Amino acid sequence: MLRAAVLVLLLANAGYYAWAHGLLRSWGLAPAEQAEPRRLDQQIQPDSLRIGGPAARSPAPAAAPTAPAASASVSAIPPASAPAGNGPSAPVAAAGGTCLQAGPFDARQADALRAAAASAGLPDAAWRLEAVSATARWMVYMGRFADEDALDKKRAELRARKVAYDRPGAALEPGLSLGRFSTEEAAERALAALGTQGVRTARVVQERGDATGYVLRLPQATDPLRPPLDALRPALGGKPLRSCG
């Protein structure tokens, strides 16, 4: 059986070799030809082929016109004008205004300020007088002096002793304030300390009692308010306009 199987395999290999090499072509047994004429026969409509260069690119679409720069269009728009005021009561609404205040003032001074503001043409909405509680205050005081020469001599003496001083206010002129205190006891202690520096003629006085005062406030002071404010300064009694705290 083994010999028969080997013989069958040999005959099969010999037959495949003869078929693969076209030895059996005359009997109609041979593989399909792969020569060039055979390949041409297998082409589908070879005469329809056209040989040419690479296709030309389609021209790029024209770019849309560029919109004008945003800055140019913005600059062409005029700024909106501010609404006109309604006479002297129009509010002061200019951006960047500075809040200023002065005081405190007593009731009599507040009445004088109201009259001076109306006379100076200060717009009603640009300022207000705010009521504040003014507590009693005491002062270490020197004065009143006979004249300005005596006042100047005392100033020179205090500078030599390195003692600070200030103006005491219109009601106590001509004189000098060596300190203001919220209680009488604190003023007495300060007077005793000044005695160790050679100050002998000072005394404690009550500058004011408990009362209601008034503070002048301008929420938005701008350049257009400068002329009426300059006209208002005499009514301030020497009290400066300072930034709101």
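## What covers helix H5

In this predicted model, the cover over the buried residues of H5 includes two strands, S3 (137-143) and S4 (175-181). The residues being covered are Leu151, Lys154 and Leu158. Look down the axis of H5 and these buried residues fall within an arc of 65°, so they line one face of the helix. The spacing fits what you'd expect of a helix: with 3.6 residues a turn, residues three or four places apart point the same way.

Now flip to the other side. Turned away from the buried face of H5 are Asp149, Lys153 and Ala160, which are exposed. A lysine turns up on each side, then: Lys154 is among the buried residues, while Lys153 is exposed.

## Length and ends of H5

Does the length of H5 agree or disagree with 1.5 Å a residue? It agrees: H5 takes in residues 148-160, and those 13 residues should span 18 Å, which is how far apart the end C-alpha atoms are.

At the N-terminal end, the cap on H5 is Asp147, with a side-chain oxygen 3.2 Å from the backbone nitrogen of Asp149. So Asp149 has two parts to play in this picture, as its backbone nitrogen faces the cap and the residue itself sits on the exposed face. Past the other end, just after H5, comes Lys162 with a positive phi of about 60°.

## The four-stranded sheet

Elsewhere in the chain there's an open sheet of four strands, paired antiparallel in the order S2-S6-S1-S7. Its edges are S2 (128-134) and S7 (242-243), each of which pairs on one side only.

How many bridges join S1 to S7? Two, with S1 (residues 98-105) and S7 running antiparallel. To find the spot in the model, start from Leu100: its bridge partner in S7 is Ser243.

## The chain overall

Stepping back, the chain has seven helices and seven strands. Along the sequence they come as α-α-α-β-α-β-β-α-β-α-β-β-α-β, with three helices ahead of the first strand.

Of the 245 residues, 25% are buried. The chain exposes about 17,600 Å², and carbon and sulfur atoms supply 58% of that area. As for contacts, take those between residues at least 6 apart in sequence: 78% of them join residues at least 24 apart.

Terms used: Residues numbered from 1 in each chain as written. Predicted model: local features only at pLDDT ≥ 70, side-chain atom pairs only at ≥ 80, totals over all residues. Heavy atoms only, no water. Buried < 20%, exposed > 50% of the residue type's maximum accessible area, 1.4 Å probe, protein only. Contact = heavy atoms within 4.5 Å. Areas by Shrake-Rupley, 256 points an atom, 1.4 Å probe, with all protein chains shown as cover. Expected span 1.5 Å × (residues − 1). Arc of directions from axis to C-beta. Polar contact = N/O pair within 3.5 Å; in protein donor to acceptor, adjacent residues only side chain to side chain. Pairing = 2+ DSSP bridges.
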